[in-house]
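Please open the model in your viewer and keep the selection panel at hand. This tour proposes a series of selections and describes what is found at each one.

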Amino acid sequence: MTTLPRVLSIVSLLLVWLVLSAMFAPNIVPGPVVVFKAMGENIASGKVFYHLYKTLLRVGLGLVLTMVLGVATGTIMGLSRRGEVFLDSWVLVGLTVPAIVNSIICLLWFGLNDRAAVVAIGTAAFPAVSISIWQGIKGIDTQLVSMGQAFHLNKSAIVRKIVFPQLLPHILASMRYALGICWKICTTVELIGMSSGVGYQLNYWFGLFSMAQVFAWTLLFLLVMFAIEYLLFKPLEKRLTRWRTGVPALQWAQ
Amino acid sequence: MEGHGLLDQVGLKADKVKSLSPANLHLMIAERKVDIGFGGFTTMATARSEGKDIIVIYGVFSPVNMVFVRKDSPIKTPMDLKGKKLGVFGGPGSTTFAFLAVLAKNWYGIDLFHDSELVTAPAPALAELLGKGDIDAALLGTVESIQNFAQDRYRVLLDLSADYKAHQGGRAPAHVIVATNEEFAKAHPDIVRDYLKAYKNGLQYVHAHPEVWDEYAESIKMDNPAERALLREKMEPNLVEHWDAEQIALQNDYLKLVHDIIGESVLKVVPADLIRNDYTP
């Protein structure tokens with residue numbers, strides 16, 4: 001049922017791209033053929049894999065740090081009023097400071113290495129996760145918790161069987177959202193201070209005025225992110241939240 | 001030119017636009033945000049090969065940049081850079097690195113793009129990374145090259161212009177040039193010509209008034225007297241004095257080397273009509 005709209009969506013996107021490339025010069029909007037050719041050449045040269053590996057490593061580790069910090073602060077804020085008051089301004093500062101500031105500070109503190117990139121990603125992206133988890137905890141159905149207590153479930157069982165399943169959709173949603181933020185921050189860090197990765201390649205080709213290569217590297221990373229989304233995140237989410245019933249209106253829409 | 005009234009002498013008033021990085025400056029020239037600008041020669045050639053209507057109308061200076069290694073480093077020649085970490089201040093797409101890559105491949109047989117691990121960072125950071133042993137060699141910017149040479153902190157592995165001249169004889173190609181766009185040059189040939197006249201007057205002024213080197217040193221916060229003295233000693237001989245047929249042939253030959261040796265990574269084709277002397281006064 002969902003395959004056709006998805007295919008139509010991708011085809012229409014390609015058509016828009018084709019039309020734009022016909023309207024503008026190739027050094028402004030290069031056409032799909034030129035871009036896919038550049039991408040093919042990059043893959044054939046083998047250098048793609050190294051730079052992609054470096055970016056994915058930084059994004060992956062940055063995402064882990066983001067989730068650890070985000071879930072920890074969000075949980076404290078959700079469970080404790082004092083914690084909420086204490087961490088509220090931290091999260092606000094984290095949300096307000098531009099990611100490029102985190103990047104510059106981390107590069108100056110840790111040097112031009114992967115550690116700087118990972119810390120910059122983690123510290124810039126975690127507030128978004130904190131808020132999602134914080135709101136998720138506030139929305140937990142306390143009647144279910146009371147029911148668990150009535151059935152003499154111990155604290156561990158209440159957390160595992162009642163609290164965590166309700167929180168899981170928030171964790172998964174914030175993780176998918178954080179992945180996008182992490183990729184954007186990683187690109188910035190790589191652009192200003194790294195010697196490898198997709199952001200570095202974008203900067204390199206920007207310096208050489210090659211719009212086709214800028215598009216090729218962006219597209220390649222988009223394809224990888226799509227693969228992560230559809231081959232990892234969606235199946236994982238489906239499996240972990242299989243106990244949930246869908247919203248009737250949405251079921252009807254499908 | 002501006003500070004000593006050389007533009008006024010030819011009746012020009014210019015709005016100076018500063019850029020934080022060479023890449024932004026190149027983009028400003030390519031996108032016609034400035035009418036005349038100073039940029040990297042190879043990068044301007046790349047821009048023209050990518051469809052920008054840039055033309056190079058004069059050479060400014062050939063590289064003063066040097067590659068440094070630690071004094072106790074086992075690296076004795078550029079060939080020893082194989083498998084080593086080489087710091088590059090402008091990145092592998094920069095005009096200066098293209099110059100080094102051409103030298104290294106042409107005369108030392110080493111392909112720096114593939115045989116070395118390139119580390120991109122600002123030049124001051126590279127100097128520190130070299131000291132800490134995080135990189136094995138560093139290609140530094142003009143000012144940093146002069147500072148580190150004067151401080152005798154590291155050993156010079158390669159002086160780009162000196163090495164080029166040693167192998168090729170005669171002059172070295174300019175890696176920093178004056179560029180404009182074709183449309184502006186066609187519409188205002190007198191302005192372009194007058195600007196170059198002021199520029200040439202500026203060259204004569206520099207030779208006749210050595211104190212301008214101190215003014216320049218002060219403007220870039222270079223306080224050390226040894227560094228100040230070296231600034232003139234290293235830069236003055238590398239200024240392009242004549243934009244004549246010989247220099248233009250040299251520039252074209254150099255571009256062919258960039259294309260043949262580095263190729264796709266920097267310059268896909270040698271662009272036609274890039275270098276002009278029709279505006280030279």
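**Chain A as a whole**

Begin by selecting chain A, which has 11 helices and zero strands; helices (H or I, at least four residues) and strands (E, at least two) are DSSP runs, numbered from the N terminus. The model is a predicted one, in which local features need pLDDT of at least 70, side-chain atom pairs count only at pLDDT 80 or more, and totals for chains, interfaces and linings use all residues. Residues are numbered from 1 along each chain as its sequence is written, while chains are lettered from A and ligands numbered from 1 in the order in which they are written.

Read from the N terminus on, the elements of chain A run α-α-α-α-α-α-α-α-α-α-α. Along its principal axes, the C-alpha trace of this chain spans about 70 × 50 × 30 Å. Of the 254 residues in chain A, 36% are buried. A residue is called buried if 20 or more other C-beta atoms lie within 10 Å of its own, exposed if 12 or fewer, and partly exposed in between, with C-beta atoms placed from the backbone.

**Helix 1 of chain A**

Select residues 3-23 of chain A, which form helix 1. The end C-alpha atoms of this helix are 30 Å apart, which agrees with the 30 Å that its 21 residues should span at 1.5 Å a residue; the expected span is 1.5 Å times one less than the number of residues. Helix 1 of chain A is hardly covered, as the count of buried residues among its 21 residues is zero.

**Helix 6 of chain A**

Next, select residues 114-138 of chain A, which are helix 6. Is helix 6 of chain A largely enclosed or hardly covered? It is largely enclosed by the rest of the structure, because 20 of its 25 residues are buried. From its first C-alpha to its last, helix 6 of chain A reaches 36 Å, close to the 36 Å expected.

Now centre the view on A:F126, where helix 6 of chain A has a kink of about 40°. The proline A:P127 follows shortly after this kink. The bend at a residue is the angle between axes fitted to the seven residues ending there and the seven starting there.

In the same helix, select A:A120. This residue is buried, because 30 other C-beta atoms lie within 10 Å. Not counting residues up to four places away in sequence, A:A120 touches A:N102, A:S103, A:C106, A:I185 and A:V189. Two residues are in contact if their C-beta atoms, placed from the backbone, lie within 7 Å.

**The largest nonpolar core**

A nonpolar core is a set of buried Ala, Val, Leu, Ile, Met, Phe, Trp, Tyr and Cys residues joined through C-beta atoms within 7 Å. The largest one has 123 residues, and A:A178, A:C182, A:I185, B:F68, B:L100, B:L126 and B:A138 touch the most other members. Helix 6 of chain A gives the most to this core, with 14 residues. At least three residues come from each of domain 1 and domain 2 of chain B.

Select B:L100 as an example from this core. Not counting residues up to four places away in sequence, B:L100 touches B:V67, B:L112, B:L139 and B:L160. A second, separate core of 13 residues includes A:L52, A:V198, A:W217 and A:L220.

**The two domains of chain B**

Colour chain B by its domains: domain 1 (6-62 + 171-265) and domain 2 (66-168). These bounds come from an automatic or database domain assignment. Taken over C-alpha atoms, the centres of the two domains are separated by 23 Å. Their contact takes 22 residues from domain 1 of chain B and 19 residues from domain 2 of chain B. On the domain 1 side, helix 12 of chain B supplies the largest share, five residues.

**Two loops of chain B**

Select B:R32, in the loop between helix 2 (22-30) and strand 1 (36-40) of chain B. B:R32 has a positive phi of about 60° although it is not a glycine. Most residues other than glycine have a negative phi. B:R32 is partly exposed, with 14 other C-beta atoms within 10 Å.

Finish at B:D152, in the loop between helix 7 (142-151) and strand 7 (155-159) of chain B. Phi of B:D152 is also positive, near 55°. This residue is exposed, with 10 other C-beta atoms within 10 Å.
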